[in-house]
Every structure is written in C-alpha cells, then in structure tokens.
Amino acid sequence: MKSESDDSQSSKVVPKSKKCLRAEDKIGITGNGLLISWRIRPVISINSDEKKPENQVPSYIPHVIDEKVAINIVSVASGSSFSICLSDNGVVFAFGKASSGCLGLSCDRDINQPRIVEPLFNHDIKSIACGPKHVLAFSEENDVFVWGHGSSGCLGLGETNFQLVPQLVQIEWKEKPEKIYCGTDCSFIITKDSSLLACGSNRHNKLAMDSSEGHQIDETRFFTKVRSEQLQDVHSSFG
C-alpha cells in the first residue's frame with residue numbers, strides 16, 4: 001500500500017507535460033488524483049549489446065498533466081486526441097486537440113491543460129464516457145448530455161449534426177438512466193430497470209436492432225430500447 005509520502009515523491013519526480021494530447025498517448029490517474037499521461041517513445045534495448053527486435057521495448061515516460069486542475073480527479077475517458085476528466089465534486093474538464101471537436105469548449109485552438117467544460121458547470125456530473133469522436137456525460141439529476149460528432153445518430157438527438165457544446169438528450173423511456181457507454185459510432189444507456197437503450201450505427205446488427213424477419217436497420221438516431229435480457233453492464237471498444 002502506498003503512503004501519502006510515496007504519492008508526494010512520485011509526483012515530484014514526474015515532469016509536468018506542456019504538450020498537447022496525441023492519439024497515441026495513454027492517460028491515467030494517480031492515487032492522489034493527479035492526471036498522468038504516457039507518450040510512447042522510440043524503442044530502447046533491454047540489452048545494450050543486442051539490437052535484435054526481440055530485445056527492443058517501447059519506452060513509456062510519464063508526465064503530470066496538471067496538478068492544479070481540481071481537488072481530486074476520479075475518472076478520465078479518452079477519444080481520438082482528446083480526454084475528458086471528472087473531479088470528485090462533479091466538475092468536467094477537457095483537453096486535447098480542437099480538431100477533435102469534442103472539447104465542449106466552443107474554442108478553435110488546442111488545449112494543453114484541462115479546462116472546465118463550462119456548459120456543465122452547474123450540473124453535478126457523476127460519470128463520463130467517450131467514443132473516438134463523441135462524448136456522453138451523466139448527471140446526478142439523471143440527465144444525459146452529449147457532444148461531438150453525430151455520425152449515424154450516435155448522439156441520440158435525432159440528427160447527425162456536429163455538436164460543439166453539450167446538449168441535453170430527451171430520453172423517451174419509463175425508467176431513468178443509470179449508466180452510459182460509448183462505442184465507435186454508437187452510444188448506450190442502461191436504465192434503472194436494467195433495460196438497454198442504444199443509438200447510432202447498427203452496422204452488422206451490432207445494436208441488435210434488426211428484426212427476426214430479416215429487416216435490417218442501418219442506424220437509429222434516438223435512444224431506442226434494445227430487445228435483450230436485463231443487463232447490468234455493457235462493454236464496448238473502439239480501435
């Protein structure tokens with residue numbers, strides 16, 4: 001178990017990052033709530049006398065992103081060249097490339113250090129989720145906010161338009177949302193009655209929206225009930 005002195009010493013030897021987030025960067029959180037990024041460096045040899053590929057390993061050098069961003073960061077989610085962070089008091093931060101369109105900050109320049117997503121400041125956010133190009137945020141008031149690229153209707157707003165700042169989603173279901181998830185071009189909500197709602201691309205029937213009679217549905221632009229057993233969790237990945 002790490003002591004507070006261990007965390008303090010760790011943060012002192014990790015340099016502060018001044019570079020913008022890139023797609024290949026890795027993001028993590030230390031035990032005392034600091035954001036850390038790892039950027040893959042050129043490979044180094046594990047044996048100075050050997051230059052064979054099997055003796056080469058990637059070098060991961062950690063950097064503190066910003067030790068003053070909040071009292072305590074409890075969650076972080078990353079998309080393509082951007083990251084969204086959540087503090088223990090429900091404040092959402094974003095940083096990365098403006099070209100990602102997912103910072104929710106109404107800005108056209110890259111953000112190197114986490115900045116508050118102001119449209120959500122008055123909402124107590126309790127969870128976040130990121131796809132490569134879109135973001136979901138879930139509040140203590142059971143509201144779901146979305147922003148980013150709306151390809152295939154993955155924002156659940158009934159359209160495919162790009163949303164620069166967070167938008168409130170109207171959920172047409174008898175039970176309130178409980179968990180949120182993002183896929184590559186789709187989104188999911190599990191409700192309090194363990195129902196699964198989904199929107200976005202249904203390519204290869206990945207949302208299980210095709211009918212048993214063979215009728216294929218390419219996409220759904222609103223959060224729609226999925227025919228399934230009751231679920232407690234969903235796992236979605238993107239490359």
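**Exercise 1. Asn202 and its partners**

A polar contact of 2.9 Å links the side chain of Asn202 to the side chain of Asp210. This comes from a predicted model. Task: find where Asn202 sits in the chain, and say whether Asn202 is buried or exposed.

Solution.
- Step 1. Place the residue. Asn202 lies in the loop between strand E14 (196-201) and strand E15 (219-225).
- Step 2. Check the accessibility. Asn202 has 2% relative accessibility, so it counts as buried. The cut-off for buried is under 20%.
- Step 3. Look for another polar partner. The side chain of Asn202 also reaches the backbone nitrogen of Leu207, at 2.9 Å.
- Step 4. List the contacts, skipping neighbours within four places in sequence. Asn202 is in contact with Leu207, Ala208, Met209, Asp210, Ile217, Asp218 and Glu219.

**Exercise 2. Ser187 and its surroundings**

Task: name the strand that holds Ser187, then find which side chain makes a polar contact with the side chain of Ser187.

Solution.
- Step 1. Locate the residue. Ser187 belongs to strand E13, which covers residues 186-191.
- Step 2. Read its exposure. Ser187 counts as buried because its relative accessibility is 0%.
- Step 3. Find the polar partner. The side chain of His134 makes the contact, at 2.9 Å.
- Step 4. Widen the view, again leaving out neighbours within four places in sequence. Contacts of Ser187 include His134, Leu136, Cys154, Tyr181 and Phe223.

**Exercise 3. Ala129 across the sequence**

Task: work out which strand contains Ala129 and which residues Ala129 touches beyond four places in sequence.

Solution.
- Step 1. Ala129 is part of strand E8 (residues 125-130).
- Step 2. Ala129 is buried, because its relative accessibility is 8%.
- Step 3. Beyond four places in sequence, Ala129 touches Ala77, His134, Val135, Leu136, Ile180, Tyr181 and Cys182.
- Step 4. Compare sequence with space. Ala129 and Phe188 are 59 residues apart in sequence, and their C-alpha atoms are 10.0 Å apart.

**Exercise 4. Cysteines without bonds**

Task: how many disulfides does the structure hold? Explain why Cys85 does not bond to Cys130.

Solution.
- Step 1. Count. The structure holds 0 disulfides.
- Step 2. Take Cys85. Its closest cysteine sulfur is in Cys130, 9.0 Å away, so the pair is too far apart for a bond. A disulfide needs sulfur atoms within 2.5 Å.
- Step 3. Take Cys102. The nearest cysteine sulfur is that of Cys130, 7.4 Å away, and Cys102 is in no disulfide.
- Step 4. Check burial. Cys85 is buried, with a relative accessible area of 0%. Cys102 counts as buried too, at 0% relative accessibility.

**Exercise 5. A sheet of 4 strands**

Task: give the strand order of the open sheet of 4 strands and name its edge strands.

Solution.
- Step 1. Write the order. The strands run E4-E5-E6-E7, with antiparallel pairing.
- Step 2. Find the edges. Strand E4 (73-78) and strand E7 (111-116) each pair on one side only.
- Step 3. Add the twist. From one strand to the next, the twist averages 20°.
- Step 4. Zoom in on one pair. Strand E5 (residues 82-87) and strand E6 (residues 92-96) are antiparallel, paired over 5 bridges. Ser83 has Phe95 in E6 as its bridge partner.

**Exercise 6. The whole protein**

Task: state how many helices and strands the protein has and what share of its residues is buried.

Solution.
- Step 1. The protein has 1 helix and 15 strands.
- Step 2. Of its 239 residues, 44% count as buried.
- Step 3. The accessible surface is about 12,900 Å², and 48% of that surface belongs to carbon and sulfur atoms.

Conventions
Residues numbered from 1 in each chain as written. Predicted model: local features only at pLDDT ≥ 70, side-chain atom pairs only at ≥ 80, totals over all residues. Heavy atoms only, no water. Pairing = 2+ DSSP bridges. Helix = DSSP H or I, 4+ residues; strand = E, 2+ residues; numbered from the N terminus. Axes fitted to C-alpha atoms, helices over the stretch in contact; angles between N-to-C directions. Buried < 20%, exposed > 50% of the residue type's maximum accessible area, 1.4 Å probe, protein only. Areas by Shrake-Rupley, 256 points an atom, 1.4 Å probe, with all protein chains shown as cover. Polar contact = N/O pair within 3.5 Å; in protein donor to acceptor, adjacent residues only side chain to side chain. Contact = heavy atoms within 4.5 Å.
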